[in-house]
Amino acid sequence: MDEAVAHYEAILELNPNDNQGLRYALLGCYLQTGKHEPARQLFRRYDEASAFMAWSRVLERYLSGNLVEAATELRNARKINPHVQDYLTGKKKVPKKLPDSYSPGQASEAIVCCVEIGLAWRQHKDALAWLKQEHGSGYLQHTVH
């Protein structure tokens, strides 16, 4: 994992605009290994409203022990892409064949997001249990259109 992180970081130094989207895999690595400050630095560096960042923020806040902010980030993440929660909690299965592309806010983005950061969530079973507990809390208001 440390070698992968070093490679991702080196590539981001060479390609700071990150048109390859490696920041998402790097976020997953940071969260998986409990490197909260480097994850926060990525949030600041790439300030964007993507499912990848939003759902990573939820996990980072939870792992940091700030459940109030984690709940706030969860509400925001649900607005950005409500489909992610179903894949993270196992309500829906990530398909074996991944989408060729994805659209923001759609299930395709949720699938790719779970590929990038899902292992970090699964690594922290208490965070997943919290997410499942929070599943009903405001969930319907963000998924019913």
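The following exercises, with worked solutions, concern helix packing and three buried residues in a predicted model.

Residues are numbered from 1 along each chain as its sequence is written, and side-chain values use heavy atoms, with hydrogens and water left out. Because the model is predicted, local features need pLDDT of at least 70 and side-chain atom pairs count only at pLDDT 80 or more, whereas totals for chains, interfaces and linings use all residues.

**Exercise 1.** Describe how α2 packs against α3.

*Solution.* Two packed helices are described by the angle between their axes and the distance between the axes.

Step 1. Helix α2 spans residues 22-32 and helix α3 spans residues 36-45; helices are DSSP runs (H or I, at least four residues), numbered from the N terminus.

Step 2. The packing angle is about 155°, and the axes lie 8 Å apart. Axes are lines fitted to C-alpha atoms over the stretch in contact, and angles run from 0 to 180 degrees between N-to-C directions.

Step 3. The two helices, α2 and α3, are therefore roughly antiparallel, a term for angles over 145 degrees.

Step 4. From α2, Arg23, Leu26, Leu27, Tyr30 and Leu31 meet Pro38, Ala39, Leu42 and Phe43 of α3, where contact means heavy atoms within 4.5 Å. Of the residues in this contact between α2 and α3, eight are nonpolar, one is charged and none is polar.

**Exercise 2.** State what is notable about the phi of Asp18, and place the residue.

*Solution.* Step 1. Most residues other than glycine have a negative phi. Asp18 is not a glycine, yet has a positive phi of about 50°.

Step 2. Asp18 is located in the loop between α1 (2-14) and α2.

Step 3. With 3% relative accessibility, Asp18 counts as buried (under 20% relative accessible area, with a 1.4 Å probe and protein chains only).

**Exercise 3.** Which backbone nitrogens do the side chains of Ser108 and Glu109 reach?

*Solution.* Step 1. Ser108 lies in helix α7 (residues 107-123), as does Glu109. Ser108 counts as buried at 18% relative accessibility, and Glu109 at 2%.

Step 2. A polar atom of the Ser108 side chain lies 3.0 Å from the backbone nitrogen of Ser103.

Step 3. The Glu109 side chain reaches the backbone nitrogen of Ala51 at 3.3 Å. Glu109 and Ala51 are 58 residues apart along the chain, and their C-alpha atoms are separated by 7.2 Å.

Step 4. Beyond four places in sequence, the contacts of Glu109 include Ser50, Phe52, Ile80 and Asn81.

Definitions and conventions
Parallel < 35°, antiparallel > 145°, perpendicular 65-115°, else oblique. Nonpolar A, V, L, I, M, F, W, Y, C, P; charged D, E, K, R; others polar. Buried < 20%, exposed > 50% of the residue type's maximum accessible area, 1.4 Å probe, protein only. Polar contact = N/O pair within 3.5 Å; in protein donor to acceptor, adjacent residues only side chain to side chain.
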